[in-house]
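Let's work through some exercises together, each with a task and a stepwise solution. Keep the coordinates open in your viewer as you go.

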Amino acid sequence: MPATVLVGAQWGDEGKGKTTDLLAPEMDLVVRYQGGNNAGHTVVHDGTTLRLHLIPSSILRPEVTPVIGNGVVIDPKTLIEEMDALAAQGISTERLLVSGNAHLIMPYHRVLDRVTERHLGRAQLGTTRRGIGPAYADKASRIGLRVQDLLDMKIFAKKLEVALKEKNAVLSRVYNQLPLDAKEIQAEYEGFAARLERHIADTSLVVWRALRDGQGILFEGAQGTLLDVDHGTYPFVTSSNPIAGGACTGAGVGPREIDRIIGVTKAYVTRVGAGPFPTEDLGPDGERMGAVGQEFGVTTGRKRRCGWFDAVLLRYAARLNSLTELHLTKLDVLSGFERVRIAVAYRHEGETYDEFPPHQSIFHKCEPVYEEMPGWREDIGGARELRDLPPACRAYVLRLEEITRVPVTVISVGPAREQTLRVEPVSVVA
Ligand code: GDP
C-alpha cells in the first residue's frame, strides 16, 4: 500500500476535506502532520453539522485510526471540546492517538497572539489568534511544553515556571497585560492530562508499524503550499510546513516511504487574510466566485478573496511537493462565466516570469499574464464522467493539466460525495 500525502496546492481551503473523505476507504490511518486548530473541516453526521479544527475528519469512520502527529501544536482545551462534541453525536474518539512530542498551546500563547497582532497595526498578518504561531515560536526557542509533559505534572510545573517567568515579563512590561497565574494554569492542564492520557502515544512508531504491515496511510496537510513558512508568501504564512516534506518531520517518517502525493486545487484561487495575490479579482467576477463558491472560512467566518486560476503558483506547488496527481475542486463554481482566465506568467517592469519570482517585491507588484478561454453556461453539478462536461469546460481542465504538467485524476463538481469525476489521466502529462 502506498503512503499518500494530501496537500493543499494553493493558499488553503481547496476542499481537502472532501478528498480525505474520498480516500478514507483505502486508509487504515489518517495522520495530521502540522498546524493547529486553525484548520477547518465541516463534517455532516446524521443531519448535524460539526466543525472540526484539530481532529482529522476520518474520525467518522470507525475502521480508521485518526492520528495527530508531532508536528501539530495542540490546544488541549479545544481538543477535548471537539472530543465532547463528537461524543454528543455518538461518535467514538477512543481510537484517537496524539503524539507525545507534539507541542501544547498554552494560555499565554493565545494572549500573545492577540496582543502582538494588535501591536502590528496595519502590518497585521491576519492570524487566527489561537496561539498557534507563538506555540511554534516557543518550540523553536526550546521553551515549549509538550503533550508528554502532561504525563508528569512535576516536570510540567517546572517547565511552566521557566516559560511563564519570561511570558509574564513580556505581557506586563511590553503589552501592559495582567500576568498569568502558574497555579491556575497548572490546575487547568492537570484536568486536561486526566482526559488525554490514554490517547498519548509514540505516533511515529505507530505509523512505522502500520507501514511495515502494509496498511494504507494518509498524511493530511492543513492550510496550503503558499502558506508554508519556508516556501510560501512570507510573512503572510502559517508557522509550520504544509508542503509534502512536512509530512516527514511532522509525522516522523522517512521520505522513501511516501510515493503518492496528491495536490488539491480549486478551479480558481482564494486567499484568506492579508498578503499578495496576483490574480485577485476585485470586480464582479471575483464577487461571483465568492458568492457561488460560498467562500467564507470554516474556522473564522472571514470572507475569502477570490481570483482566477494561477498556473505559475500551481507549477511552483507541483515542484515543491513533487505532486504525482491533482484533484481539481469546485469546477461547478465557474459555470456561467462568459470567458474563463488562466494566469500563465507574471509581468514586472518589462520582464516576464514563468516561474514563481525569486524576490517577494516582484510577486507583490507583478501583473498576471492571462490566457482566456470560452466559458460554459451549463450547470455541471450532475456530471459523473469527463464526457458529461460541456466541451468548453473539458477544454479548460485539459489546459490546466497541460500548463501545470500534473495529471488531474479527480474533478469535483459539487460538495456531495457523488459529485465527483474520477478520470484517467488524459493529456500528454500522463
Ligand atoms: P479544506 O479546508 O481544504 O477542506 O476546504 P474547506 O472545507 O474550507 O472548503 C471546502 C468547502 O467547499 C466545503 O464547504 C465543501 O462542502 C465545499 N466543496 C468541496 N468541493 C466542492 C465542489 O466541488 N464544489 C462546490 N460547490 N463546493 C465544494
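**Exercise 1. Decide whether glutamate 338 is buried, partly exposed or exposed, and do likewise for its salt-bridge partner.**

Step 1. In this predicted model, glutamate 338 has a relative accessibility of 64%. The cut-off for exposed is over 50%, so glutamate 338 counts as exposed.

Step 2. The partner is arginine 377, and the closest N and O atoms of the two are 3.5 Å apart. Arginine 377 is exposed too, at 63% relative accessibility.

Step 3. Now place both residues along the chain. Glutamate 338 sits in the loop between β15 (325-329) and β16 (339-348), while arginine 377 belongs to the loop between β18 (367-374) and α12. The pair therefore links distant parts of the chain, 39 residues apart.

Step 4. Finally, look for salt bridges that share partners. One network of this kind joins Asp13, Lys266, Glu295, Arg304 and Lys330.

**Exercise 2. Find which helices are tied together by the salt bridge of aspartate 138, and work out whether its two residues are buried or exposed.**

Step 1. Searching the whole structure gives 26 salt bridges. In one of them, aspartate 138 pairs with lysine 167, with 2.8 Å between the closest N and O atoms.

Step 2. Aspartate 138 lies in helix α4 (residues 132-141) and lysine 167 in helix α5 (residues 153-174), so the bridge ties together parts that are 29 residues apart in sequence.

Step 3. Check the accessibility of each. Aspartate 138 has a relative accessible area of 3% and lysine 167 has 6%. Buried means under 20%, so aspartate 138 is buried and lysine 167 is buried as well.

Step 4. List what surrounds the acid. Leaving aside neighbours within four places in sequence, aspartate 138 is in contact with Tyr108, His109, Ile143, Gly144 and Lys167.

**Exercise 3. Work out where the salt bridge between aspartate 149 and lysine 159 sits, and classify each side chain by accessibility.**

Step 1. The N to O distance for this pair is 3.1 Å.

Step 2. Aspartate 149 is in the loop between α4 and α5, and lysine 159 is in helix α5, 10 residues apart.

Step 3. With a relative accessible area of 5%, aspartate 149 is buried. Lysine 159, at 32%, is partly exposed.

**Exercise 4. Identify the domains that give residues to the largest nonpolar core.**

Step 1. Start from the division of the chain: domain 1 (3-100 + 198-260), domain 2 (103-196) and domain 3 (264-422).

Step 2. The largest nonpolar core has 57 residues. Phe219, Leu331, Leu334, Leu389, Tyr396 and Ile411 have the most contacts inside it. Helix α12 (residues 391-404) gives the most to this core, with five residues.

Step 3. Both domain 1 and domain 3 give residues to this core, so it lies between them.

Step 4. Compare that with the domain contacts. Here 36 residues of domain 1 are in contact with 41 residues of domain 3, and the centres of these domains, taken over C-alpha atoms, are 24 Å apart.

Step 5. Zoom in on leucine 334. Not counting residues up to four places away in sequence, leucine 334 touches Ala267, Tyr268, Trp308, Val340, Trp376 and Tyr396.

Step 6. There is also a second, separate core of 39 residues, which includes Leu50, Ile59, Leu112 and Tyr189.

**Exercise 5. Describe the geometry of the aromatic pair of tryptophan 11 and phenylalanine 277, then look at other rings.**

Step 1. The whole structure holds eight aromatic pairs. Among them is this one, with 5.3 Å centre to centre and 55° between the planes. Planes under 30 degrees apart are stacked and those over 60 are edge-to-face, so the pair is tilted.

Step 2. Tryptophan 11 is in the loop between β1 (3-8) and α1 (16-23). Phenylalanine 277 is in the loop between β12 (269-271) and α9 (284-292), and the two are 266 residues apart. Both are buried.

Step 3. Next come the other rings. Tyr316, Tyr346, Phe356 and Phe363 make up one aromatic cluster.

Step 4. End with charges over rings. Arginine 288 lies over the face of phenylalanine 337, 5.0 Å from the ring centre. Arginine 341 places its charged end over the ring of tyrosine 370, at 4.2 Å from the centre.

Terms used:
Residues numbered from 1 in each chain as written. Predicted model: local features only at pLDDT ≥ 70, side-chain atom pairs only at ≥ 80, totals over all residues. Heavy atoms only, no water. Core = buried A, V, L, I, M, F, W, Y, C linked by side-chain atoms within 4.5 Å. Buried < 20%, exposed > 50% of the residue type's maximum accessible area, 1.4 Å probe, protein only. Helix = DSSP H or I, 4+ residues; strand = E, 2+ residues; numbered from the N terminus. Domains from an automatic or database assignment. Contact = heavy atoms within 4.5 Å. Salt bridge = Lys/Arg side-chain N within 4 Å of Asp/Glu carboxyl O. Phe/Tyr/Trp six-rings, centres within 6.5 Å; stacked < 30°, edge-to-face > 60°. Lys NZ or Arg CZ within 6 Å of the ring centre and 35° of its normal.
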